Amino acid sequence: MPRPNTPVIPPGWAQRHRPVVDKTLGAHCTIRKPGGTGRGFDAATGATTSTPYPPYLSGACRVQNLASRAKDTANAADQVVTALGYQISLTFDAAGIAVGDLLRIDAVDDNSDPAMVNREFTVRSIPTGSLHWQRVLICTDV
């Protein structure tokens, strides 16, 4: 029996579920802008040096391999290179993230793959939706 004037999804539904989903974030990451400051030339190595910008966001995250659903292919030195896509989820209140920013995995919990530590990803897309519980980023390996 339908209930008139009763919404299918009640007000505050997503806000009540966010704390539960946030408990699934088993890694810690930092996010910074690409590039850096203090560019200089190192005569000994012949390299241009700079100091990376500091992280502007730090917090819990979850990393999922998107398998074959999100692949970027490019030609590098006459070879096809495939970059796998990753969905990286953060708490919903994570703000200020932009496409092109760099995300680094700093630590993982016991349930996570320790090989993720120190991996860096580039943010490629920031999907949005009407019923989001977390901030979702689509990234590729740096």
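Is D101 buried or exposed? Keep that one in mind for a moment, everyone, and welcome. What you have on the screen is a predicted model, and I'd like to walk you through it piece by piece.

So, D101. This residue is buried, with a relative accessible area of 2%. And D101 has a partner: its side chain meets that of K33 in a salt bridge, 3.0 Å from N to O. The two come from distant parts of the chain, 68 residues apart. K33 sits in the loop between strand 1 and strand 2, which covers 36-42, while D101 belongs to the loop between strand 6 and strand 7. K33 counts as partly exposed, at 31% relative accessibility, whereas D101 is buried.

How many salt bridges does the structure hold? There are three. Another one joins R104 and D106, with the closest N and O atoms 2.5 Å apart. Both partners are partly exposed: R104 has a relative accessible area of 30%, and D106 has 23%.

Then there is the bridge between D141 and R119, whose closest N and O atoms are 2.6 Å apart. This pair, too, links distant parts of the chain: D141 lies in strand 9 and R119 in the loop between strand 7 and strand 8, 22 residues apart. D141 counts as partly exposed at 29% relative accessibility, and so does R119 at 25%. As a general point, side chains of opposite charge can pair when their charged atoms come close.

Now let's go inside. The largest nonpolar core has 17 residues. If you want to find it on the screen, look for L90, I97, L103, I105, F121 and L137, the residues with the most contacts inside this core. Which elements give two or more residues to the core? They are strand 1 (27-32), strand 4 (57-65), strand 6 (79-91), strand 7 (102-108), strand 8 (120-125) and strand 9 (134-141).

Let me zoom in on F121. Leaving aside residues up to four places away in sequence, F121 touches a list of residues that includes Y86, I88, L102, L103, I105 and M116. Two acquaintances from the salt bridges are there as well, since F121 also touches D101 and D141.

Over in strand 8 we find V123. V123 counts as buried, because its relative accessibility is 0%, and the cut-off for buried is under 20%. With the same sequence neighbours left out, V123 touches I97, A98, V99, G100, D101, L137, I138 and C139. So D101 turns up among the contacts of F121 and of V123. V123 and G85 are 38 residues apart in sequence, and their C-alpha atoms are 9.9 Å apart in space.

A word on how some of the strands line up. Strand 1 and strand 4 run antiparallel and are joined by five bridges. One place to look is C29, whose bridge partner in strand 4 is G59. Strand 4 also pairs with strand 6, again in the antiparallel sense and over five bridges. Here you can look for N65, which stands opposite Y86 in strand 6. Y86 is one of the residues that F121 touches.

Finally, the outside. V8, I9 and L131 make a nonpolar surface patch of about 300 Å². V8 is found in the segment before helix 1, which covers 13-22. Buried or exposed, then, for V8? V8 is exposed, with a relative accessible area of 82%.

Thanks for listening!

Methods: Residues are numbered from 1 along each chain as its sequence is written. This is a predicted model: local features need pLDDT of at least 70, side-chain atom pairs count only at pLDDT 80 or more; totals for chains, interfaces and linings use all residues. Side-chain values use heavy atoms; hydrogens and water are left out. A nonpolar core is a set of buried Ala, Val, Leu, Ile, Met, Phe, Trp, Tyr and Cys residues joined through side-chain atoms within 4.5 Å. Buried means under 20% relative accessible area, exposed over 50%, partly exposed in between (1.4 Å probe, protein chains only). Helices (H or I, at least four residues) and strands (E, at least two) are DSSP runs, numbered from the N terminus. Contact means heavy atoms within 4.5 Å. Patches are made of residues with over 30% relative accessible area and no salt bridge: like charges are joined within 9 Å, nonpolar side chains (Val, Leu, Ile, Met, Phe, Trp, Tyr) within 5 Å. Accessible areas come from the Shrake-Rupley method with a 1.4 Å probe; for residues, only the protein chains shown count as cover. A salt bridge is a side-chain nitrogen of Lys or Arg within 4 Å of a carboxyl oxygen of Asp or Glu. Two strands pair if DSSP finds at least two bridges between them.
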